[in-house]
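Okay, thanks for fitting me in. I want to talk about empty space inside a protein today, so please pull up the model.

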Amino acid sequence: MIKIYNSLTNKIEEFIPLRKNEVSMYVCGATVYNYIHIGNSRPVIFFDTVARFFKYMGYKVTYVSNFTDIDDKIINKAKEENVSEAEISERYIKAIKETYRKLNCLPHDANPKVTENIDGIIQFIDLLIKKDGAYVIDGDVYFDVSKIADYGQLSGQTIENLMSGARIDPNEKKKNPIDFTLWKKTEEGKQWDSPWGLGRPGWHTECVVMIDSIFKGPIDIHGGGLELKFPHHDNEIAQSICAHNHKIANYWMHNGRIDMSGEKMSKSLGNVIWADELLSRTSYQVYRLLILNVPYRQPLDYKEELLVQATTDFEKIQRTYVSLFRKIDLEFAEMSPTNGLVDSELLSLQSAFIEAMSDDFNTANAITAIFAATKHVNLLVRHGKTEGDVLKQALKMLDGMLWVLGINIELDRLTNEEKELIFQWQEARKNKDFTLADTLREKITNKGIQL
Ligand SMILES: [Zn+2]
């Protein structure tokens, strides 16, 4: 049984998919006016791991994440550089997709863009107006939050307390200060024709429309960073209730933010670590471990020590993996397991991993389970009499667990000549001929073979 902390109910709930053995997921993606920093990469890595775990458990997963390619920040950047908005958004979509790939994320099933969904957005806003949930004032369209009884449910707010805290701008044309923009009349940036005049859509509408156009109805999981809970996700829910009478997703999931040595990380504070910059200093495997070492709902306070720790962690896992792989390659010619996972010890190690991941995707405990597995594997490798089949099962088990975390360890099998060299080295060590052993060891290392 997979359990999920549902942000909508603030409870741990059993995951029951809308369709048996299938999972539909949508995660709000980047606004494409810049590269992504490690804070932005946390949901990318975490939800990729969620999708991987569902696949590992045999589910068919459809995972969609958008690109917001209409935004004031894009318009400003285009002005600054004196280029078109399309040039800015295409540049960063390309760069961000490349970062996703470098982080070893599985490709999404779709990456919809706002500019490709304008017709759908206009139709949707029109529907909201017809259902009396939105109103037009002078070319702008606003959503009337007073029409939704439990508006603010996701973030735990009520219309009353939102109203009392709202700043009243005397120039505002809307009925209530907390009503939000669906369509904005504007002279700035690219504009589209609509029944209300030239303008562009507001941010909160795009995800509702893209989800509906791809999934044609409610989905299982809607995810994103904690900072999106309000107003973005509450506004998505309000529109969906008005238009379709459902709350978009049965499970809402939010990851905690990443701080920088106790301070909020933000582009304006200038204390940002770019994802690509970190990837140039370390491997994606270490990067992913660094993120996944902290349970996703907790804030992650980035410090260099965390990078050092994740590096040590990965090296430990890698050492075990390499020694197991080499032992099978050297001593048991056929690499594929002759049986599925049947060894009882391995099965129980695997269940501990599955249990941790099933507990609201507790990746920190899942990594602990991987360490327990590597400890056992080390014993198997050292023990001279372990059957080849058990070793192959152990490799399959490790491969599966690491795949869920998005960590691959790729090794080439040895050539006969290389194997011969290793046998000679092992023989020399057995005979305590250390001079020969050292020479052979050097040859092996020079060939780039990890042992
Ligand atoms: Zn969104």
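I'll go through the enclosed cavities one at a time. Keep in mind that this is a predicted model.

Quick bit of background: rolling a probe the size of a water molecule over the atoms shows where empty space is left. So how many cavities of 30 Å³ or more does the structure hold? There are two of them.

Let's take the largest cavity, which has about 50 Å³ of space in it. If you want to find it on screen, look for Val208, Ile211 and Asp212, then Gly217 and Pro218, and then Ser240, His244, His246 and Ile248, which together make up its lining. Two helices each put in at least two of the lining residues: H6, running 203–215, and H7, running 229–244. Which one gives the most? That's H6, with three residues. As for chemistry, this lining is a mix of four nonpolar residues, four polar ones and one charged one.

Now for the second largest cavity, at about 40 Å³. Around this one you'll see Asp48, Ala51 and Lys55, plus Val61 and Tyr63, and also Leu106, Pro107 and Asp109. Here a helix and a strand each bring at least two lining residues, namely H1 (38–56) and S4 (60–65). H1 has the largest share, three residues. And what does the chemistry look like, in nonpolar, polar and charged residues? Five of the lining residues are nonpolar, three are charged, and there are no polar ones.

That's my tour of the cavities, thanks everyone.

How values were computed: Residues numbered from 1 in each chain as written. Predicted model: local features only at pLDDT ≥ 70, side-chain atom pairs only at ≥ 80, totals over all residues. Heavy atoms only, no water. 1 Å grid on protein atoms, 1.4 Å probe; cavity = no way out; pocket = protein on both sides within 12 Å on 5 of 7 lines; lining within 4 Å. Points joined across faces, edges and corners; volume = space filled by probe spheres on them. Helix = DSSP H or I, 4+ residues; strand = E, 2+ residues; numbered from the N terminus. Nonpolar A, V, L, I, M, F, W, Y, C, P; charged D, E, K, R; others polar.
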